[in-house]
Amino acid sequence: MITLDTVTKTYGTGARAVTAVDGVSFSVDSGEIFGILGRSGAGKTTLLRCLNLLERPTSGTITVDGVELVSLSRKDLRAARRRIGTVFQHFNLLASRTAAENIAYGLEVAGVPTARRRDRVAELLELVGLADRAGNYPSQLSGGQQQRVGIARALATDPSVLLCDEATSALDPATTDQILDLIRDINERTGVTVVLITHEAEVVRRICDSAALMEAGRFVESGPLLRLVGDPDSRLAEILLPTGDPDLAIPGRHLTLAFADERAIDPTLSRLTRDLGVEVSILGGTLERVAGHQVGRLRVAYTSDTVSDDAVTEYLRTAGVTVKAA
Ligand SMILES: Nc1ncnc2c1ncn2[C@@H]1O[C@H](COP(=O)(O)OP(=O)(O)OP(=O)(O)O)[C@@H](O)[C@H]1O
Ligand SMILES: [Mg+2]
């Protein structure tokens with residue numbers, strides 16, 4: 001659905017040049033929610049702006065819905081952009097227009113006749129749970145309600161891709177959860193492909209199917225979330241499901257365990273103690289639902305006089321746990 005091939009964006013030239021996006025390649029499947037997690041300055045916004053060509057990449061290609069965007073004429077690009085909706089951190093609503101009029105704006109520009117426009121706006125207000133707020137101005141709406149208008153506006157022309165730039169960063173935690181659930185719900189109902197950027201692990205954990213970790217303009221890791229959290233070496237997994245301080249001075253052999261398999265959540269560790277006579281301490285970890293599955297990562301320490309380290313590792317692997325010596 002979306003493919004980026006070695007996209008680079010450099011601002012400025014010579015000694016002042018800043019490479020905000022540095023050779024990024026990735027694909028997003030149709031209907032997927034793909035999250036890009038990174039700290040401030042990592043290049044997330046620049047990358048998202050490249051995705052709809054608000055920012056023209058210095059090199060590389062961007063294909064959305066089978067159309068390569070970088071090589072399009074201005075006119076064709078305008079048409080292609082209608083297939084891509086964007087939701088902004090600070091909502092960017094027009095203060096002089098009501099909720100309904102804000103949502104209608106893109107339809108007016110696209111020349112949709114009045115009656116069709118009215119029906120579509122009513123449908124969108126319903127979709128985002130604001131049917132009773134059609135006539136309110138942005139100043140009469142809460143942040144969460146304004147973002148619902150922002151989402152409805154982005155969906156007005158029925159895009160196949162929804163881009164979200166820190167869509168929940170201006171909202172409190174409870175409202176963030178509601179907006180994330182709304183995006184997930186819309187994704188499931190309409191099949192729209194979602195790319196979101198965020199600096200909050202919770203956003204990725206709550207709704208993404210796949211994700212990337214971005215640092216200094218590059219993807220350091222990317223892939224389906226379930227695969228990443230099942231990999232004890234994954235840095236993105238450590239951000240999403242932290243296992244605590246790696247330098248705890250607890251005696252014994254330390255292991256990082258990843259459970260991406262519901263069988264493994266069973267009391268594997270207590271069985272390990274019973275079956276092999278190994279004393280296990282849990283040093284830290286997180287159990288969560290990720291991409292609809294119960295997953296977890298734990299850091300443990302154990303001591304044993306009776307069985308080999310290989311036997312312990314093998315026992316855990318057989319139980320469906322991925323093991324790494326920490
Ligand atoms: N228009 C611009 N001109 C010059 N440099 C820019 C421009 N926009 C961004 N940059 C630089 O590119 C780098 C990446 O910025 P970008 O805004 O993409 O990061 P970000 O990951 O979105 O950060 P944040 O989480 O703070 O929004 C930064 O070093 C920034 O200073
Ligand atoms: Mg940004």
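# Notebook: spaces and a ligand in a predicted model

**Entry 1, the cavity.** I began with the enclosed space, and I wrote down that the largest cavity is lined by Cys164, Glu166, Ala167, Thr168, Leu180, Ile183, Leu196, Ile197, Thr198 and Val203. Two elements, α6 (173-190) and β8 (193-198), give two or more residues each to that lining, and β8 supplies the largest share, with 3 residues. I note here that the structure is a predicted model, and I keep this in mind for every entry that follows. What is the volume of the largest cavity? I find a value of about 60 Å³, and the count of cavities of 30 Å³ or more comes to 1. When I sorted the lining of this cavity by class, I had 7 nonpolar, 2 polar and 1 charged residue. As a reminder to myself, rolling a probe the size of a water molecule over the atoms shows where empty space is left.

**Entry 2, the whole chain.** I then stepped back to look at the protein chain, in which I find 11 helices and 14 strands. Along its principal axes the C-alpha trace spans about 80 × 50 × 30 Å. Of the 326 residues in the chain, 48% are buried.

**Entry 3, the ligand.** Which residues are around ligand 1? My list reads Tyr11, Val18, Ala20, Arg39, Ser40, Gly41, Ala42, Gly43, Lys44, Thr45 and Thr46. By class, this shell divides into 4 nonpolar, 5 polar and 2 charged residues. I next looked up individual atom pairs, and I found a polar side-chain atom of Thr45 at 2.8 Å from an oxygen atom of ligand 1. For Ala42 the atom concerned belongs to the backbone, and this polar atom is 3.2 Å from an oxygen atom of ligand 1. With Tyr11 the partner in the ligand is a nitrogen atom, which lies 3.5 Å from a polar side-chain atom of that residue. Taken alone, ligand 1 exposes 640 Å², and the protein buries 56% of that area. The elements that give two or more residues to the shell are β2 (18-28) and α1 (44-51), with the largest share, 3 residues, coming from α1.

**Entry 4, helix α1.** As α1 had come up in the shell around the ligand, I looked at how far its residues are covered by the protein. How many of the 8 residues of α1 are buried? I count 6, so the helix is mostly covered, taking buried to mean under 20% relative accessible area. The buried residues are Lys44, Thr46, Leu47, Leu48, Cys50 and Leu51. For my own reference, an α-helix has 3.6 residues a turn, so residues three or four places apart point the same way. Just after α1, I noted that Leu53 takes a positive phi of about 60 degrees.

**Entry 5, the largest pocket.** Turning to the open spaces, I find that the largest pocket has a volume of about 690 Å³. How many residues line the largest pocket, and which of them lie nearest its centre? The lining has 19 residues, and those nearest the centre are Arg81, Ile84, Thr86, Tyr105 and Gly106. Four elements, namely α2 (74-81), β6 (84-87), α3 (99-109) and α5 (143-155), each supply at least two residues of this lining. Sorted by class, the lining has 9 nonpolar, 6 polar and 4 charged residues.

**Entry 6, the second largest pocket.** For the second largest pocket I wrote down a volume of about 180 Å³. Its lining is made up of Leu37, Gly38, Arg39, His199, Ala201, Leu213, Met214, Glu215, Arg235 and Ile239. One of these names, Arg39, I had already met in the list of residues around ligand 1. At least two lining residues each come from β3 (33-38), β9 (210-215) and α9 (235-240), and β9 gives the largest share, with 3 residues. The classes here are 5 nonpolar, 2 polar and 3 charged.

**Entry 7, one residue in a strand.** I finished with Val220, which lies in strand β10 (residues 218-224). Is Val220 buried, partly exposed or exposed? Its relative accessible area is 38%, and therefore I enter Val220 as partly exposed, since that class lies between the limits of 20% and 50%. I also looked up its separation from Val24, a residue 196 places away along the chain, and the two C-alpha atoms are 9.7 Å apart.

Definitions and conventions. Residues are numbered from 1 along each chain as its sequence is written. Chains are lettered from A and ligands numbered from 1 in the order in which they are written. This is a predicted model: local features need pLDDT of at least 70, side-chain atom pairs count only at pLDDT 80 or more; totals for chains, interfaces and linings use all residues. Side-chain values use heavy atoms; hydrogens and water are left out. On a 1 Å grid over the protein atoms alone, a cavity is a set of points where a 1.4 Å probe fits but cannot get out, and a pocket is an open set with protein on both sides within 12 Å along at least five of seven lines; lining residues have an atom within 4 Å of a point. Grid points are joined across faces, edges and corners, and a volume is the space filled by probe spheres set on the points. Ala, Val, Leu, Ile, Met, Phe, Trp, Tyr, Cys and Pro count as nonpolar, Asp, Glu, Lys and Arg as charged, and the others, Gly among them, as polar. A residue is near a molecule or strand if one of its heavy atoms lies within 4 Å of it. A polar contact is a pair of N or O atoms within 3.5 Å; within protein, one must be able to donate a hydrogen and the other to accept it, and residues adjacent in sequence count only if both atoms are side-chain atoms. Accessible areas come from the Shrake-Rupley method with a 1.4 Å probe; for residues, only the protein chains shown count as cover. Buried means under 20% relative accessible area, exposed over 50%, partly exposed in between (1.4 Å probe, protein chains only).
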